[in-house]
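Visitor: Could you take me in for a close look at the place where the ligand sits, and tell me what is around it?

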Amino acid sequence: MASDREVLNDEQVDFYGENGYLVLEKQIPDDWTAKIRSEIARFEDEARGMTASNDRLDLEDTHKPDAPRLRRVKLPHTISDIMNELMTSDHVLAPARDLAGPNLRLHTSKLNMKSAGYGAAVEWHQDYAFYPHTNDDILAIGICIDDMAAENGPLMVFPGSHKGPVYDHHVDGVFAGAMRPQDHGLDIKDAVQLTGPAGSVSIHHGRIIHGSALNTSDHARRILFYEMMAADAFPIMGSMTRWEGIEDYDTRMLCGSSTKNPRLKDIPVRIPQPQPNVAISIYEIQKGLKNRSFDTAKE
Ligand SMILES: O=C(O)CCC(=O)C(=O)O
């Protein structure tokens, strides 16, 4: 019987089901990655002179107005036409549809910049711990803007962990957006690095444990993430999903049709509340972790 999938083959779909991630090498044509690099240069210019993060740009702790250091462009699809165009292209949506079905809603977008020499680590976590939903057809598509190699802080995942528990991401009762795999019998040696040349696409499941180390190399590691879910996955109360009512929610449909009938799946849920009294940024939230798994930049 002919498959109605758009781009992924059976082997890739089975691999994702079993392991919770996929890497599609060199999927994005070079002209797209080149255009995104020029957009990044524009945002780096914008960071010059800034003294604090704002609702567009998240600054490294070591940022100085005259030596700008940017760690994230927030919601880039809202401030960059090219990143919006890429988000709605088949480069992003076709593999997502093959894995999570035809009806997809955007959760968020972000461009994580791990600059050479100091780009910040992201502590181990599960996205689902930040935004529990009624089902877990939730995934993140990562567009690799640079070559991803062991030395520049690639995304790392624990294969198969998307089928396990949703771990406690709280410290002293407050949501800290991170967990330590070592504290739960997981061996860091079992984590897999998602490496590949610029233009590759990584896909990770909303429940997979993932993180990435400080970039101490001399080349950048930038990944543009589009996080999305099946349209019938609805946020559970207390989820960090922005929710200003159903009309707003429906503006985030990426393809297919919306529904008012959530699909329920029996999965473990922990509500990410109470929230710490910090800016809504994974880097700030994770400062609540007492024992970090990864180093931070010294200067
Ligand atoms: O940029 C990375 O390596 C990790 C990104 C991530 O997991 C996040 O921002 O939630």
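Guide: Sure, let's start with Arg 221: a polar atom of its side chain is 2.7 Å from an oxygen atom of the ligand, which makes a polar contact (a pair of N or O atoms within 3.5 Å; within protein, one must be able to donate a hydrogen and the other to accept it, and residues adjacent in sequence count only if both atoms are side-chain atoms). Of the 300 Å² that the ligand exposes when taken alone, the protein buries 98%, with areas from the Shrake-Rupley method and a 1.4 Å probe, and with only the protein chains shown counting as cover for residues.

Before going on, a word on the model: it is predicted, with local features needing pLDDT of at least 70 and side-chain atom pairs pLDDT 80 or more, while totals for chains, interfaces and linings use all residues. Residues are numbered from 1 along each chain as its sequence is written, and side-chain values use heavy atoms, with hydrogens and water left out.

Back to the ligand. Ser 212 puts a polar side-chain atom 2.6 Å from a ligand oxygen, and Asn 112 does so at 2.8 Å. The shell around the ligand also includes Arg 72, Lys 110, His 125, Asp 127 and Phe 225; to be in it, a residue needs a heavy atom within 4 Å of the ligand. Where does that shell come from? β4 (104-114), β5 (122-125), β12 and β13 each give at least two residues to it; strands here are DSSP runs (E, at least two residues), helices are H or I runs of at least four, and both are numbered from the N terminus.

Now step into the loop between β12 (210-212) and β13 (221-230), where you'll find Asn 215. Asn 215 has a relative accessible area of 0%, so it counts as buried (under 20%; exposed is over 50%, partly exposed in between, with a 1.4 Å probe and protein chains only). A polar atom of the Asn 215 side chain is 3.3 Å from the backbone oxygen of Ser 115. Leaving out residues up to four places away in sequence, Asn 215 touches a list that includes Ser 115, Tyr 118, Glu 151 and our starting point, Arg 221, where contact means heavy atoms within 4.5 Å.

One last stop is Pro 274, in the loop between β14 (253-255) and α8 (282-285). The peptide bond joining Gln 273 to Pro 274 is cis, with omega about -10°. That's worth a glance because most peptide bonds are trans.
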